[in-house]
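Here is a short tour of how some helices in this model pack together. Have the coordinates open beside you as you read.

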Amino acid sequence: MFITPHTSAAIWVSTKVSDPFLAFIFSLLSHFILDMVPHGDDNLAEDKKGKEKFLYLLNVASIDMVVSCALVYFYVISHQGINHWVLFWAVFGAWLPDLAWIVIESFRLTSLYWYIVYHAKLHNIFSWQYSIVYGVPFQILVTLTLVKISF
Ligand SMILES: [Zn+2]
């Protein structure tokens, strides 16, 4: 799942708890729960190979991060009196599972490969895959729903 729906879940979590540690834990859990929902991006860039695939995924990830950061930015500037530490730890908890995955794979931390297997298993828990054509609108809908109940 793109990081934007995870970020919107983190923002929602930050509206529900006032303890940074709980915000982190609940956001971390929200990441794994959202990943379990079939979300249509399993075969992203499967028609591309090598450098082309890498650059395509880098572009998608960059746009995803910009949208996520914009979401947090607009939430912060439109809400006074929010606890920034709660929001920070919520967002960190929501991002950590994918950040860990990227770091483990990039630095080939083989002793932690079990985590990548676990993360991938969660994605396929319902073993139902569908096209990105439906995946992107679905993820936008999840994001908008979470933004609507948070803002
Ligand atoms: Zn994930």
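## Helix packing around H1

Let us start with a pair of helices: the axes of H1 and H6 come within 9 Å and cross at roughly 20°. An angle under 35 degrees counts as roughly parallel, so H1 is roughly parallel to H6. The crossing of the two helices is left-handed. Please keep in mind that this is a predicted model.

Which residues make the meeting between H1 and H6? On the H1 side they are Thr4, Pro5, Ser8, Ala9, Ile11, Trp12 and Thr15, and on the H6 side Gln139, Val142, Thr143, Leu146, Val147, Ile149 and Ser150.

Val147, a residue of helix H6, is a good place to pause. Is Val147 buried or partly exposed? Because 18 other C-beta atoms lie within 10 Å, Val147 is partly exposed; burial would take 20 or more. Leaving aside neighbours within four places in sequence, Val147 is in contact with Ser8 and Leu71. Val147 and Ala9 are 138 residues apart in sequence, yet their C-alpha atoms are 8.1 Å apart in space.

Two helices can be set side by side by their lengths:

| Helix | Residues in helix | First to last C-alpha | Expected span |
|---|---|---|---|
| H1 | 14 residues | 20 Å | 20 Å |
| H2 | 17 residues | 25 Å | 24 Å |

For H1 the span agrees with what is expected at 1.5 Å a residue, and for H2, residues 20–36, it is close to the expected value.

H1 is mostly covered, with twelve of its 14 residues buried. Among them are Ile3, His6, Ala10, Trp12 and Val13. The cover over the buried residues of H1 includes H2, H3, H4 and H6.

In H2, the buried residues are Ala23, Phe24, Phe26, Ser27, Leu28, Ser30, His31, Leu34 and Asp35. They pack against helix H1 (3–16), helix H4 (84–106) and helix H5 (113–123).

Now for the nonpolar interior. The largest nonpolar core has 23 residues, and those touching the most other members are Ala9, Ala10, Val13, Ala23 and Ala90. Two or more residues of this core come from each of H1, H2, helix H3 (50–78), H4 and helix H6 (132–150).

What does Ala90 contact, leaving aside its neighbours within four places in sequence? The partners of Ala90 are Ala10, Val13, Ser14, Ala23, Phe24 and Ser27. Of these, Ala23, Phe24 and Ser27 are among the buried residues of H2, while Ala10, Val13 and Ser14 are buried in H1.

Terms used:
Residues are numbered from 1 along each chain as its sequence is written. This is a predicted model: local features need pLDDT of at least 70, side-chain atom pairs count only at pLDDT 80 or more; totals for chains, interfaces and linings use all residues. Helices (H or I, at least four residues) and strands (E, at least two) are DSSP runs, numbered from the N terminus. The expected span of a helix is 1.5 Å times one less than its number of residues. Two residues are in contact if their C-beta atoms, placed from the backbone, lie within 7 Å. A nonpolar core is a set of buried Ala, Val, Leu, Ile, Met, Phe, Trp, Tyr and Cys residues joined through C-beta atoms within 7 Å. Axes are lines fitted to C-alpha atoms, for helices over the stretch in contact, and angles run from 0 to 180 degrees between N-to-C directions. Angles under 35 degrees count as roughly parallel, over 145 as roughly antiparallel, 65 to 115 as roughly perpendicular and the rest as oblique. A crossing is left-handed if the near helix is turned anticlockwise from the far one by less than a right angle, and right-handed if clockwise.
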